[in-house]
Amino acid sequence: MSGNNEHNEHHDDGHGGGHHVNYFAIYVALVVLFLISVAGPEVGRITGLPWITLITAFGIALVKANLVIDNFMHLKWEKRLMKWLLTTSVLLMVLMVAGISPDVLNHEGNNWENLAAKEATARGLGGDDHGDGDHAEEGGAAEVAEAAPAGFSAAGSFGTVCATCHGAGGQGDGPAGMALDPKPANFTDPAFWEGRDRARIVTVIRDGAAVVGGSALMAPWGALYTPEQLEEMADYVMSLRPN
Amino acid sequence: MADTAVDVHHDHHGHDDHHHGPTGILKYIWSTDHKIIAMQYLFTGMLMAIIGGYMAYVFRMQLAFPGISVPGFGQVSPGEYNALITNHGSIMIFWVAMPVLIAAFGNYLIPLMIGADDMVFPRINRLSFQVFFLSVIVLMASLFVEGGGFGGAWTSYPPLSAVAEYNQTNLGSSLWLIAVALEFVAFLLGGINFITTLMNSRAPGMKAYDIPLVAWMIVIASILFMLSVGPLVAGAVMLLFDQTLGTGFYDPARGGDPILWQHLFWFFGHPEVYVVLLPAIGITVDVIATFARKKIFGYKMVLYTAVATGVLSFFVWAHHQFIAGIDPRMANVFTVTTLLISVPIAEMCFVIIATLYGGSIRLTTPMLWALAFMAEFLIGGVTGIFLGASGADIYFHDTYFVLAHFHYTFFPIAIIGSFCAFTYWFPKMFGRMMNDTLGKIHFWGTIIPFNFIFIPLFVLGMGGQHRRIYNFQHFPELATPEMFQLRQIATISLLIMIAFQLVFFYNMITSWIRGEKAGKNPWQANTLEWTTESPPPHGNWPLDRMPVVYRGPYEYGHPDREEDYWPQDEPA
Amino acid sequence: MANAKPLATLRSATGIPTGRLAVWWVLASEVVIFGGLLGTYIMHRLGHPEWAEAASHTQTWIGAINTFVLLTSSFTAVLAHQAAEKGNGKEAAKLLGFTILGALTFLVIKSFEWANEISHGYTITANTFWSFYYTAAGLHALHVIAGAIIMGVVAVDAYRGRELHRVELIGIYWHFVDVVWIFLFPLLYIAK
């Protein structure tokens, strides 16, 4: 345990022995680089050259990281295998970014564009002073409803959601309903309305028919509608009721 | 020392110098012995396989006989159907294939095969199982909370998975995600052990090319896992925040992107399939060498192609997203890489065939499983080529063709591979021989019905049947009597297959209790695990008699020898 | 409770001691975790120039102080390693103590910073930039906390002259945590 040389071997540590590192010098270098990187944006601003900021910020980060990794972590003296391992991890991340960027970084490409992202960007650049974005606390249902630019229409929604089974006229004759047993409800049939009221219609649209003892083939659709829209859908169905 | 049904893990007390851990029942909970931890993983995995299989039974009954009240479950609602398929997939991959092939057999075999007394970090090993067990509990809990289990498919794409209003399983989806994350942590911890132990703790004289291939494969798989799961961990944190805090990481209206999740998921998801494939190939190769009494035709070939496959597997992920709206130019790139990756796997098939050729084949139960692995996986691999071509995939994506393809790959990996390993190493693990006749009955009763389940699904897929549909009666063009007949054939075959698993359990239990005693090396194999007691004592060998290695693991049929095998630790 | 260390721990076919080998593998997996998160952030940030407004509200000077704190703590960590190599457990424990102090300082400063930002309405859901900011810095802070705890355990052992090789190992992990921050700092504060 004697001696004041830095590489007293108490354990077979596999270091290419005899590395002499002045840790304090490295530390000073790190601090100096750090100060430069903080000053960088100011220089970039004054000279009007934004790339100075990028170089000082990320270039210096790379240099600092290298200093820490090589000297503090002793990677410089480590077996080559470990250098390969870490290089591989980093390269995999480069691969990942390269593979994902065309879809996520870009908002348009060969025959496609990401309208929602473009709109978000336009909103952010054009409007808000606070830059605190849009739709901060909204729930999902409202967002779905608002995503339809033309506004909500119960008749339109009936056509896209309900008519496949219940038929365009609500007569239970939609194409997908053919194979079902029991058949989908025929809203124009007076017999259907015996014992059924508006409240039940709302419940069935929202929670499915099974909860009121009906067939599980009528699935719950509540996720698609806000409470107000649900009422509008029920009104529409009521409007199909004869006399 | 008589065996009882309770005390099945003999601890051969005696002349060995190893410090013993806790005693009694606590031994099994707090043990750091790699063999006990392996058993814990193995039986948890087996239990999860039963649960996952039960889920398959329920949803297949619903598909073949829509609206029926399934015996042992009841009527299946749409939400329940989605939860069943989601959890079936997640369970089979994360809680059956990985724990059994990697954690159980890796833990059991690696120290034994390299002549070590345990893993290098026994307490981290124990911790990894505890975290894994926690993940099981969280997952099971997710099925019983209000709203039910998560139903957004094992791929969990947002916005369905991110917004509770859409998936309607607020608690369930977060618990599912946390369970998956915990499982990842468990395997990261375990992976450190496998990799470090294999790299460092080999017996004296054991060079890199003397390591049995199954050990290599498990370690390569662990490396693949560790390097690919990171982005998904990050992505899962982001998804969890979307679910619970209302952030917009995957919401395009708020600057996020749902396609990002798909990329992060599949960047891991594709290497993941090779994470489970490589150990299964390793098991197959080792078993074939033993029962063909012949050296592996190209040990280094298999090793290098495994590495090549691992590397390539990072370059193919977006073939899962061909029609998700990715940039078509990327689709071109990924088609090429995907078709390329079939080459190393094919090469491994050739090595196996060449090994068998001219061998002195012993058709034991493990050998049957190994051969079946090759045959069935071949079908799976070949059908993957159709899917890898982005043009063809436009039709096939999200049809049952995909589903049949991946069952023809996953079933060999997870089920056939597991049975192969289990029947082969059962004598070592429990000191008894399994009944070979029952083993063969179970084998045929599994393999034949398996094909009758999934070939109809290929046909249905080509006919346009979509995945993840709860009731095909809703689609008149898919509701024809012929199509329903195919669904029913598949489902009835599944019932037959499930029935034959009872043979396996009967065999396992009776062999355990009163099977013929196994001795050290019933298969006359070469690798180091066969040089110690069956089952091995704590510490595997007495400290003063740890093995020293003199040759490679596959010296079968050596011309200079009278015996047709040459154990690694026998001095020249 | 624990079994004696297995013989397996003492072997080293690669020439790298087992503990250090394991730490490098842990780092490799951490590189892909943080790399995944930061890569994702970079892609989104480049695609959404409108986040510049939100990003302008991060306080560079607080970030800078924290960077300096972490750099210094890395320095004390490597000095601790130097002391441990000489077999001086008490000195190593003292230096590890300084490192932990640095970690705590970092966390305290960060809590003030975040409290300040949240009180101004810059919450995790305010804007996706802020979502990334809190997630990335938060994941890093979690690693700082975990590292500090493990470092405490190692320091206690080192003080008693035991397991001195672990000083180097926790040091390597700690330097990695520093390196992550070296990249986070420009990403979130300077080149925003």
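How are α7(B) and α1(C) oriented to each other: roughly parallel, roughly perpendicular or oblique? Before the answer, a word on what you're looking at. This is a predicted model, in which local features need pLDDT of at least 70, side-chain atom pairs count only at pLDDT 80 or more, and totals for chains, interfaces and linings use all residues. Residues are numbered from 1 along each chain as its sequence is written, while chains are lettered from A and ligands numbered from 1 in the order in which they are written.

**Where two chains cross**

Helix α7 of chain B covers residues 213-244, helix α1 of chain C covers residues 18-47, and the two pack at about 40° with their axes 7 Å apart. They are therefore oblique to each other; that word covers whatever is left once angles under 35 degrees (roughly parallel), over 145 (roughly antiparallel) and 65 to 115 (roughly perpendicular) are taken out. Helices here are DSSP runs of H or I with at least four residues. Among the residues making the contact are B:Met226, B:Leu227 and B:Gly230 from α7(B), with C:Trp25, C:Ala28 and C:Val32 from α1(C). Contact here means C-beta atoms, placed from the backbone, within 7 Å. By class, the contact residues of the two helices come out as 10 nonpolar, six polar and no charged. Ala, Val, Leu, Ile, Met, Phe, Trp, Tyr, Cys and Pro count as nonpolar, Asp, Glu, Lys and Arg as charged, and the others, Gly among them, as polar.

**Chain C meets chain A**

This contact takes 49 residues from chain C and 53 from chain A. On the chain C side, α1(C) gives the largest share, 13 residues.

**Backbone oddities in chain B**

Chain B has a few spots worth a look:

| Place | Feature | Value |
|---|---|---|
| B:Pro158 and B:Pro159 | cis peptide bond | omega about 0° |
| B:Ser534 and B:Pro535 | cis peptide bond | omega about -5° |
| B:Arg293 | positive phi, not a glycine | about 50° |
| B:Arg468 | positive phi, not a glycine | about 60° |

B:Arg293 sits in the loop between α8 and α9 of chain B, and it counts as partly exposed because it has 16 C-beta neighbours inside 10 Å. Partly exposed falls between buried (20 or more other C-beta atoms within 10 Å) and exposed (12 or fewer). B:Arg468, in the loop between α14 and α15 of chain B, has 13 such neighbours, so B:Arg468 is partly exposed too.

**How sure is chain A?**

The mean pLDDT (the predictor's confidence in each residue, from 0 to 100) of chain A is 77. Helix α5 of chain A has the lowest mean, 39, and helix α3 the highest, 91.

Notes
Axes fitted to C-alpha atoms, helices over the stretch in contact; angles between N-to-C directions. Contact = placed C-beta atoms within 7 Å.
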